[in-house]
Amino acid sequence: MSETTADGATPSLFSPYKMGKFDLSHRVVLAPMTRCRALNNMPNAALVQYYTQRATSGGFLITEGTMISPTAAGFPHVPGIFNKEQVEEWKKVVDAVHAKGAVIFCQLWHVGRASHQELQPGGIAPLSSTDKPISKRWRVLLPDGSYGIYPKPRKLETNEIPEIVEHYREAAVNAIEAGFDGVEIHGAHGYLIDQFLKDGINDRTDEYGGSLHNRCKFIKQVVQSVISAVGAERVGVRISPAIDHLDATDSDPLSLGLAVIERLNKLQTDHAAKLAYLHVTQPRYAAYGQTESGPHGSADEEARFMMTWRRAYSGTFICSGGFTRQLGVEAVAEGVADLVAFGRLFISNPDLVTRLEIDAPLTKYVRSTFYTHDPVVGYTDYPFLKDGTGKTAPLSRM
């Protein structure tokens with residue numbers, strides 16, 4: 001909270017930062033974003049170009065959610081990290097990003113009940129902490145481009161849970177084999193880990209349900225297993241205690257966040273090593289692009305949540321969710337975050353770091369192309385500040 005730069009100045013969004021073993025040249029992070037361009041769950045040349053476009057020397061990138069197993073998918077054509085072929089293709093992405101001097105982590109992802117039989121091997125029911133389906137308020141994107149209703153999931157048996165933990169560990173090992181600098185465990189946004197954490201979803205009566213202590217057991221086991229496999233300094237964790245995405249509600253999000261942080265701090269002490277970071281999504285985050293107050297009250301209350309978690313966590317703290325340039329600048333200057341992750345703005349501005357630093361206009365994103373499968377349109381065809389002719393690319397102030 002009292003950080004100063006090497007010359008004693010207040011840190012800025014564009015000042016260097018040491019994230020554990022990684023020396024970053026600025027604090028603008030590429031947030032993980034599902035883009036549906038990995039045909040048949042395989043990274044490809046389009047992903048190489050996409051991530052390389054957004055890489056900067058000393059920059060930090062987090063990949064889109066990457067399946068830890070065949071049952072993990074919640075969208076069509078998302079990449080996996082659970083077999084050797086995927087590892088080999090990810091190496092091409094990582095090598096290209098490293099060639100530009102950037103650091104890249106792979107986000108480990110299992111969506112749990114936020115899936116559909118058409119996305120599951122053999123058409124099986126999705127797995128979850130519960131057998132309650134996601135409400136009809138939400139829709140799932142299907143392989144033919146239509147949207148369907150989330151089906152009833154299958155509640156994991158207690159004796160099945162260690163196998164899921166093992167899938168996270170194996171995926172982390174695969175990510176390091178692919179050359180990634182580390183992994184981010186996705187414990188947010190209503191996906192599998194969040195389905196164990198939130199009392200609005202978790203209705204279990206075994207050792208993984210009921211009390212806050214029990215609901216935190218799964219994430220603790222996953223993080224512990226991944227740390228043991230690849231080292232704490234290569235592990236980040238993402239949570240969203242105060243967000244209701246995909247019906248992921250909790251009666252006491254402040255305490256839930258503190259409980260997770262308490263366990264992460266304890267794991268750092270036990271391993272005598274810091275995690276790479278904790279990544280928390282702002283309560284104002286909204287899945288479909290609106291930036292608004294979360295379900296638990298005013299913006300002031302949400303700010304109190306974030307500052308409480310920030311002060312409680314012992315290590316690098318990343319914020320994301322609806323950030324503009326001004327909000328990002330303020331977050332770092334006021335000590336709300338060490339690093340700020342940008343999502344949608346990075347989609348349409350591959351040179352976002354430069355644009356933010358010089359306060360250049362930003363290209364508008366086209367929402368209808370977020371989840372298409374075209375390897376170019378809406379993916380790698382957004383302009384840089386200068387196009388191939390040396391003229392300024394068409395821009396519009398956002």
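## Strand pairing and the barrel

Leucine 61 has isoleucine 104, in strand 5, as its bridge partner. In this predicted model, strand 5 (residues 103–109) pairs with strand 4 in the parallel sense, over six bridges. In general, the strands of a sheet pair through backbone hydrogen bonds, either parallel or antiparallel.

Strands 4 and 5 both belong to a closed barrel of eight strands, in the order 3-4-5-10-11-12-13-14, with parallel pairing. From one strand to the next, the twist averages 25 degrees.

## Helices against the strands

Helix 1 (residues 45–53) packs on the sheet and touches strand 3 (28–30) and strand 4. The direction of helix 1 makes about 150 degrees with that of strand 4.

Helix 8 (residues 299–312) lies across strand 12 (277–281) and strand 13 (317–320). With strand 13, helix 8 makes an angle of about 160 degrees.

## Aromatic pairs: phenylalanine 75 and tyrosine 371

A search of the whole structure gives 18 aromatic pairs. One of them joins phenylalanine 75 and tyrosine 371, with ring centres 5.3 Å apart and planes at 35 degrees. The pair counts as tilted because that angle falls neither under 30 degrees, as for stacked rings, nor over 60, as for edge-to-face ones.

This pair links distant parts of the chain, 296 residues apart. Phenylalanine 75 sits in the loop between strand 4 (60–67) and helix 2 (84–99), and tyrosine 371 in the segment after helix 11 (352–358). Phenylalanine 75 has a relative accessible area of 16%, so it is buried, under the 20% limit. Tyrosine 371, at 31%, is partly exposed. Both residues belong to a cluster linked by ring pairs, which also includes Trp109, Tyr191, Tyr365 and Phe370.

## Aromatic pairs: phenylalanine 196 and tyrosine 208

Phenylalanine 196 and tyrosine 208 form an edge-to-face pair, at 6.1 Å centre to centre and with 75 degrees between the planes. Phenylalanine 196 is in helix 4 (residues 192–197), while tyrosine 208 is in the loop between helix 4 and helix 5 (212–215), 12 residues apart.

Both rings belong to buried residues: phenylalanine 196 has a relative accessible area of 1%, and tyrosine 208 one of 3%. Tyrosine 208 has a further neighbour in lysine 217, which lies over the face of its ring at 5.1 Å from the ring centre.

Conventions: Residues are numbered from 1 along each chain as its sequence is written. This is a predicted model: local features need pLDDT of at least 70, side-chain atom pairs count only at pLDDT 80 or more; totals for chains, interfaces and linings use all residues. Side-chain values use heavy atoms; hydrogens and water are left out. Rings of Phe, Tyr and Trp (its six-membered ring) pair if their centres lie within 6.5 Å; planes under 30 degrees apart count as stacked, over 60 as edge-to-face and the rest as tilted. Helices (H or I, at least four residues) and strands (E, at least two) are DSSP runs, numbered from the N terminus. Buried means under 20% relative accessible area, exposed over 50%, partly exposed in between (1.4 Å probe, protein chains only). A charge sits over a ring if NZ of Lys or CZ of Arg is within 6 Å of the ring centre and within 35 degrees of the ring normal. Two strands pair if DSSP finds at least two bridges between them. Axes are lines fitted to C-alpha atoms, for helices over the stretch in contact, and angles run from 0 to 180 degrees between N-to-C directions. Contact means heavy atoms within 4.5 Å.
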